[in-house]
Amino acid sequence: MNRIKTLIINLYHKLKAKAITAFNTFKEKNIEEPSTPHKGFIESIKQRDRHDIIFNINVFITAIRGVFGYLVATLIVLIGLGLGIGIGYVVSVTNQQEIPTYEQMRKQLYDSGSTSLYFDNDVKLGNVQSNLIRKRVTSDEMSPYLKEAIVATEDSYFYKHNGVVPKSILRAIFSDVGGLGSTSGGSTLTQQTVKMQLLSSETTWRRKATEILLSLRVDKYFSKKVILESYLNSATFGHNNKGENIGGVEMAAQGLFGVSAKDLSLAQAAYIAGLPQSPSIYTPYDEKGKLKKDSYLVSGMKRKDTVLFRMYRTNKITKSQYNAAKKEDLKSQFISTEKRKTKDIPYGYIYNLLSDKVRTAIIKEQAKKDGLKYKDIIKNSDTYSRYYQQADTEMKQKNYRVDSTINKDMYDNIQEATKYANDNLGTKHVTYTADPNTGKTIKVNEPVQNGSIVLDNKTGAILAFVGGVDFDESQLNHAFSTKRSPGSSIKPLLVYGPAIETGLIGSKSMLADFPTSFGSYKPTDYDNTIQNRFISAEESLKNSYNIPVIHLFDTMMDKKINANSYMKKMGVGLNKKETQQLGTSLGGLDTGFTVQQQASAFSTFANKGNHVDSYVINKITDPSGKTIYQHHKKKTKVFSKATSYIMQDMMKGVVQKGTASTLGYQLDFSDKNLFGKTGTSNDHRDSWFVGSTAGITISSWIGYDNFYGNNYTLNSNSTSTNLNYWAKIANAVNETDPSILDSDVKFKKPDSVKSYKVNKSTGTKAGTINYSGSYDSKVSSNTTSLYNKKGPKKLTKNNFAIGGTKKNYNLFWDHYFGRYNSYGNVTGDETEDDDNYSSNSYRSYQAPSNSTSTSNSVTTNNNTNNNNNTNGNNIADDTETGSGTGSGSGGTPGGGDNTGDNGGDTGSGSNGGNNAGNGSDPGTGTGNGGTPSTPNT
């Protein structure tokens with residue numbers, strides 16, 4: 001447009017220059033100045049002056065005509081070009097636009113609600129709370145004055161046009177493009193209705209073109225009565241006497257004058273009809289519901305008079321009605337201020353979860369229409385904020401439908417179970433601290449929080465969950481939003497599963513559990529103990545010993561077994577640093593897992609080695625009924641059927657005789673086919689149990705959030721506490737629908753599982769060794785080991801197990817052939833906790849920006865939220881209060897749950913955080929990379 005203006009100006013100057021040149025030439029040819037003036041000469045001068053004036057006028061008129069001609073020609077060309085481009089653009093949009101059906105349009109025109117949320121099986125949960133209060137009424141329930149007032153004010157040609165007014169559209173286009181004239185008047189009531197009810201809130205030329213097309217279509221298929229009714233039910237009308245935003249004339253009538261829309265007087269109807277043009281200015285109430293001062297009410301009253309005049313001008317009211325309504329004292333009719341009622345959010349954790357997901361789905365859908373990718377949008381905070389606000393408005397003002405996977409009865413039952421279990425989860429701490437926003441002292445309640453997931457193994461559908469102990473106190477969803485250290489529950493996923501899959505071990509393969517060191521680190525098992533013997537993989541997993549799994553993971557790294565490739569397929573991939581640290585095998589992660597991720601990954605074993613992505617939403621449909629999101633099952637092969645079966649078999653031992661052995665007597669169903677794994681982080685910061693039947697997987701976590709810099713830990717019997725809680729959830733599921741559990745379904749042994757007779761002490765095939773140097777000694781087979789591939793090792797004297805030194809093997813053989821020695825004598829602090837479990841997970845919840853984190857270099861690992869991580873290769877001693885290892889920079893402990901025999905050891909880490917401090921004397925941690933130690937259960 002600026003280029004066109006410049007072209008016209010240049011053209012004018014060229015014409016002016018030509019006129020001046022012509023005039024100067026004329027003077028040169030016709031004027032000869034005499035030497036002496038005389039009467040005739042004076043008269044000739046006067047005549048020439050008159051001629052010059054006439055000539056100038058003619059030249060000016062000619063120039064103006066020329067410019068005007070060029071302007072007219074240019075304008076005609078521009079209009080033709082504009083119409084051509086516009087028609088072409090509209091046609092292009094028409095070809096790309098999915099034309100809605102009559103039923104889709106009807107549904108949207110009659111819609112005046114916000115997004116609907118549903119449980120599974122079409123059970124209504126509720127609607128997203130809108131920032132508008134609405135109540136739909138029919139046209140017959142509206143005052144005739146109101147309908148006439150809206151038409152006279154907003155669209156006087158409403159009953160004559162076919163949905164759009166071409167000249168108004170052109171005026172709006174030139175106004176928008178050229179910045180000339182008024183910026184209003186381009187939309188009919190039909191277009192405004194389409195914009196509010198059928199389209200998103202985006203402001204683009206594409207949307208405007210679509211608006212025109214849909215307006216023509218709506219006008220063709222629906223009566224003016226229906227269109228007007230839809231408009232009056234969807235338009236916004238400012239604030240009411242409670243400060244709430246008004247949507248629709250019924251709420252406007254009630255919120256301003258305390259009457260129904262059908263009972264509005266002429267003056268009241270005119271006032272309401274004037275509001276949509278600028279609701280924030282004309283509304284009589286402010287955001288708190290207080291009546292504005294007289295000076296601020298003037299604009300609304302003038303707008304009301306304008307509406308009345310337009311009604312009078314179009315003969316909708318008489319002059320006497322017009323004058324009487326103008327004089328009516330409306331201010332006295334505004335109702336007094338009332339206090340806004342607080343709205344309770346039904347099923348708060350589900351409500352927030354589904355709202356977040358539908359908002360994201362709307363953003364993705366809109367980005368797709370705009371030719372953008374969601375991953376690019378989230379990279380730019382301004383762009384994302386714009387899309388977020390648009391999607392939020394869509395969700396709150398239009399009736400999308402969200403169908404979730406949540407079983408209402410099951411959800412209710414496990415909430416009830418949680419309610420009765422809360423008092424037994426641990427101590428509820430009460431402290432006082434400064435509010436990070438106001439600086440005022442506030443009371444802070446820190447209960448033991450929990451997050452749990454009930455997952456359908458075959459489909460990945462989340463059937464129920466627990467987000468926290470009390471939604472009113474904390475809206476943080478601990479099942480989906482917080483990442484915590486997985487503790488020993490990571491061992492089946494990261495270590496044992498891949499080791500079985502690759503044939504590195506069988507179920508009875510031997511792993512060393514002797515005093516050993518990795519660099520300067522000397523790990524231990526639970527309670528600072530060491531078993532001093534070779535232990536089968538099955539027993540090591542059952543009792544969650546640390547030293548054996550460290551040896552196994554170390555060997556996997558030496559053999560280039562990519563354990564992370566399996567983790568990624570299960571949706572819990574590790575970063576590069578984690579894959580290189582031995583501490584990862586004990587739960588020492590930078591971030592950790594959510595409860596959802598843990599349940600989903602663990603269900604792989606119950607699903608015959610296939611990982612099925614977990615999900616909580618089946619489908620999202622827009623107000624027209626179009627599906628904008630549909631979940632599609634995605635199955636990924638992770639482990640073979642043989643590996644899955646062997647892992648199930650090994651983890652049944654955890655439930656039958658291992659760290660979860662107290663579970664069985666608490667269940668209302670048989671635990672014969674139940675398998676699972678416990679996990680506890682250092683200093684009892686996190687406690688986990690994840691267990692599976694053929695039907696479902698339940699993952700449960702308990703721990704403190706430790707906001708505001710607190711450093712609370714669970715009781716020493718936290719594993720027992722969490723097992724009790726898990727049992728209550730499982731029983732609630734069983735009560736809801738026993739068939740969901742499939743607890744009686746036995747996992748069938750695949751033909752691909754290879755069974756070998758091995759010696760139970762060596763895990764190898766039978767054979768002979770030269771024990772004393774003078775004769776061969778026979779070693780027989782007396783147990784069965786299960787393998788996925790390969791098979792057991794041949795019997796050798798010094799390397800039949802993974803890990804161990806020559807001294808360890810000599811000790812073993814002496815003991816095996818009857819010599820009394822220290823083989824198998826547990827060393828260290830032999831006082832076990834109540835549940836005889838180990839704890840070595842490391843990381844806890846990532847604190848929000850307003851929380852603080854404190855951490856010491858002592859191995860007690862006093863990290864409030866464990867936000868500072870270390871690098872290096874130190875691993876936790878799998879004990880509750882045993883010795884710890886070196887801590888890295890930032891105060892993150894490298895040594896796990898153990899704190900020395902007296903609970904006060906600190907690992908000194910002057911060499912990259914690898915030096916360990918064991919014993920009762922505190923050390924200092926100055927290293928730069930101690931891997932977090934995390935005893936596991």
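**Exercise 1. Lys316 and its partner**

Task: Decide whether Lys316 is buried, partly exposed or exposed, then find the residue that forms a salt bridge with Lys316.

Solution:
- Step 1. Recall the cut-offs: buried is under 20% relative accessible area, exposed is over 50%, and partly exposed is in between, using a 1.4 Å probe and protein chains only. Lys316 has a relative accessible area of 44%, so Lys316 is partly exposed.
- Step 2. Before going on, note that this is a predicted model: local features need pLDDT of at least 70, side-chain atom pairs count only at pLDDT 80 or more, and totals for chains, interfaces and linings use all residues. Residues are numbered from 1 along each chain as its sequence is written, and side-chain values use heavy atoms, with hydrogens and water left out.
- Step 3. A salt bridge needs a side-chain nitrogen of Lys or Arg within 4 Å of a carboxyl oxygen of Asp or Glu. The partner of Lys316 is Glu148, with the closest N and O atoms 3.8 Å apart. Glu148 sits in helix α4 and Lys316 in the loop between α12 (294-313) and α13 (319-327), so this pair links distant parts of the chain, 168 residues apart. Helices here are DSSP runs (H or I, at least four residues), strands are runs of E (at least two), and both are numbered from the N terminus.
- Step 4. Check the other end: Glu148 is partly exposed too, at 30% relative accessibility.

**Exercise 2. A pair between two helices**

Task: Place Arg359 and Asp392 in the chain and say whether each is buried or exposed.

Solution:
- Step 1. Arg359 and Asp392 form a salt bridge whose closest N and O atoms are 3.1 Å apart.
- Step 2. Arg359 belongs to helix α14 (residues 348-369) and Asp392 to helix α16 (residues 381-397), so the bridge ties together parts that are 33 residues apart in sequence.
- Step 3. Arg359 is buried, at 8% relative accessibility. Asp392 is buried as well, with a relative accessible area of 12%.
- Step 4. Now widen the view: salt bridges that share partners bring Asp356, Arg359, Asp392 and Lys396 into one network.

**Exercise 3. Helix α8 and its neighbours**

Task: Work out how many residues of helix α8 are buried, and what Lys224 and Lys225 reach.

Solution:
- Step 1. Helix α8 covers residues 224-234, and ten of its eleven residues are buried, so the rest of the structure largely encloses it. Among the buried ones are Val226, Ile227, Leu228 and Tyr231.
- Step 2. Lys224, in helix α8, is buried at 17% relative accessibility. Its side chain comes to 3.0 Å from the backbone oxygen of His161.
- Step 3. Lys225 is partly exposed, at 46% relative accessibility. The side chains of Lys225 and Asp140 meet in a salt bridge (3.6 Å, N to O). Asp140 is in the loop between β3 (132-134) and α4 (144-154) while Lys225 is in helix α8, so parts 85 residues apart in sequence are tied together.
- Step 4. Asp140 is exposed, with a relative accessible area of 62%.
- Step 5. To finish, count the whole model: there are 23 salt bridges.

**Exercise 4. Two aspartates with positive phi**

Task: Compare the settings of Asp683 and Asp742.

Solution:
- Step 1. Asp683 has phi near 60°, a positive value in a residue other than glycine. Asp742 is not a glycine either, and its phi is positive at about 55°.
- Step 2. Asp683 is in the loop between β18 (675-680) and β19 (686-692). Asp742 is in the loop between α26 (738-741) and β21 (754-758).
- Step 3. Asp683 is buried, with a relative accessible area of 13%, whereas Asp742 is partly exposed at 26%.

**Exercise 5. Thr524 and Lys641**

Task: Find how far the C-alpha atom of Thr524 is from that of Pro548, and that of Lys641 from that of Ser752.

Solution:
- Step 1. Thr524 lies in the loop between β11 (510-513) and β12 (529-530) and is buried at 6% relative accessibility.
- Step 2. The C-alpha atoms of Thr524 and Pro548 are 9.9 Å apart, with their places 24 residues apart along the chain.
- Step 3. Lys641 lies in helix α24 (residues 641-656) and is partly exposed at 47% relative accessibility.
- Step 4. The C-alpha atoms of Lys641 and Ser752 are separated by 7.6 Å, although the two residues are 111 residues apart along the chain.

Methods:
A polar contact is a pair of N or O atoms within 3.5 Å; within protein, one must be able to donate a hydrogen and the other to accept it, and residues adjacent in sequence count only if both atoms are side-chain atoms.
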